[in-house]
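Please read the points below with the sequence and the model open. They are in no strict order of weight.

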Amino acid sequence: MLRSGLFFLLLFLLVPVFVASSPAGEAERAADCLVRINHAVEDADTEAFQRLADVDAILNTGFTAFLREVEAMQKTGDIPPLLALLFSPAAMRNTAGEQVRALLVAETKAFVLNGIASGTFAGRPSNGRAAQGLLAPLFADASIGRKEIRDIGQARAEGNDWLVPFVVLDHGNGESYPVLGRVSPGEDGFRLTAVENLGELVRRINEERKLWEEGRQQGGSGMK
């Protein structure tokens, strides 16, 4: 459960360069980027998805925030041993730590793109592709159900970027996750480049994991 909603927010708008646009039009196009991401997932189109979402930027910038939350959980003993084993080396500020972070980012990206390419994130039956990758066991308990962007809100300008609130509904676990996305303009149109509230999402999903594990333990005890 801890990883079920982290990186899906993880989650291509062609604007002719010769068209002058009003601020309101820019806001609408920034928000429309999320609509097109939905279409890319539904169509199992990883190329379109990567044009619309800068997966590498989202994962690399988000990973720093994620590690901060993991370190806080380690101090309170509030993290599964497997995650502590995997992410402790990634937090080290040396070459080895950088290599571990690069591996984790690459494997997370592979998991996301396999989930899209296989159609599982669009709600179609899995053909096995979503479990590929060297660290596939790390994602064994991740939700591979349909991911759907809903309730896209009003885009708000911040510098050259736009902050767009939306909700990701994970049909695999029935949970809805409020996301604040950063959408940036580029040569080929707008792209989702960051998830601004990743720390909040990590904390929420960790709470969901604890409740799920408590329920499983209570259920197991009741069967004895």
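1. Over residues 129-134 the pLDDT, the predictor's confidence in each residue on a scale from 0 to 100, stays under 50. For this stretch the model has 13 contacts beyond four places in sequence, a contact being heavy atoms within 4.5 Å. Residues 1-22 also have a pLDDT below 50. The model gives that stretch 72 contacts beyond near neighbours in sequence.

2. This is a predicted model, in which local features need pLDDT of at least 70 and side-chain atom pairs count only at pLDDT 80 or more, while totals for chains, interfaces and linings use all residues. Residues are numbered from 1 along each chain as its sequence is written, and side-chain values use heavy atoms, with hydrogens and water left out. The protein chain averages a pLDDT of 77, and 71% of the residues score at least 70. Among the elements, helix H2 (residues 46-52) has the highest mean pLDDT, 96, and helix H4 (residues 81-90) the lowest, 65.

3. The protein chain has six helices and five strands. Helices (H or I, at least four residues) and strands (E, at least two) are DSSP runs, numbered from the N terminus. Their order along the sequence is α-α-α-α-α-β-β-β-β-β-α. Of the 224 residues, 46% are buried; buried means under 20% relative accessible area, exposed over 50%, and partly exposed in between (1.4 Å probe, protein chains only). The chain exposes about 11,300 Å², with carbon and sulfur atoms supplying 54% of it. Such areas come from the Shrake-Rupley method with a 1.4 Å probe, and for residues only the protein chains shown count as cover.

4. How many residues does helix H5 have? Helix H5 (residues 95-117) has 23 residues and spans 32 Å from its first C-alpha to its last, close to the expected 33 Å. The expected span is 1.5 Å times one less than the number of residues. Among the buried residues of H5 are Leu-104, Thr-108, Phe-111 and Gly-115. An α-helix has 3.6 residues a turn, so residues three or four places apart point the same way. Just after H5, Gly-119 takes a positive phi of about 90 degrees.

5. The whole structure contains one aromatic pair. Phe-111 and Phe-121 form this pair, which is edge-to-face, with 6.0 Å centre to centre and 65 degrees between the planes. Rings of Phe, Tyr and Trp (its six-membered ring) pair if their centres lie within 6.5 Å; planes under 30 degrees apart count as stacked, over 60 as edge-to-face and the rest as tilted. Phe-111 is in helix H5, and Phe-121 is in the loop between H5 and strand S1 (147-150). Both Phe-111 and Phe-121 are buried.

6. Strand S3 (residues 161-170) is mostly covered, with nine of its 10 residues buried. Which strands pair with S3? S1 does so in the antiparallel sense over four bridges, strand S2 (residues 156-158) over three, and strand S4 (residues 175-186) over nine. Two strands pair if DSSP finds at least two bridges between them. As examples of facing residues, Arg-150 stands opposite Val-167 in S3, and Asp-170 has Glu-175 in S4 as its bridge partner.

7. Two hairpins involve S3. The hairpin of S2 and S3 has two residues between the strands, and Gly-159 there takes a positive phi near 65 degrees. The hairpin of S3 and S4 has four residues between the strands, and Gly-174 in the turn has a positive phi of about 75 degrees.

8. Most residues other than glycine have a negative phi, and most peptide bonds are trans. Ala-44 is not a glycine, yet has a positive phi of about 55 degrees. Ala-44 lies in the loop between helix H1 (23-42) and H2 and is partly exposed, at 23% relative accessible area. Asp-151, also not a glycine, has a positive phi of about 50 degrees. Asp-151 lies in the loop between S1 and S2 and is exposed, at 61% relative accessibility.

9. Is Glu-69, in helix H3 (residues 55-75), buried or exposed? Glu-69 counts as buried because its relative accessibility is 14%. Leaving aside neighbours within four places in sequence, Glu-69 is in contact with Gly-199, Val-202 and Arg-203.
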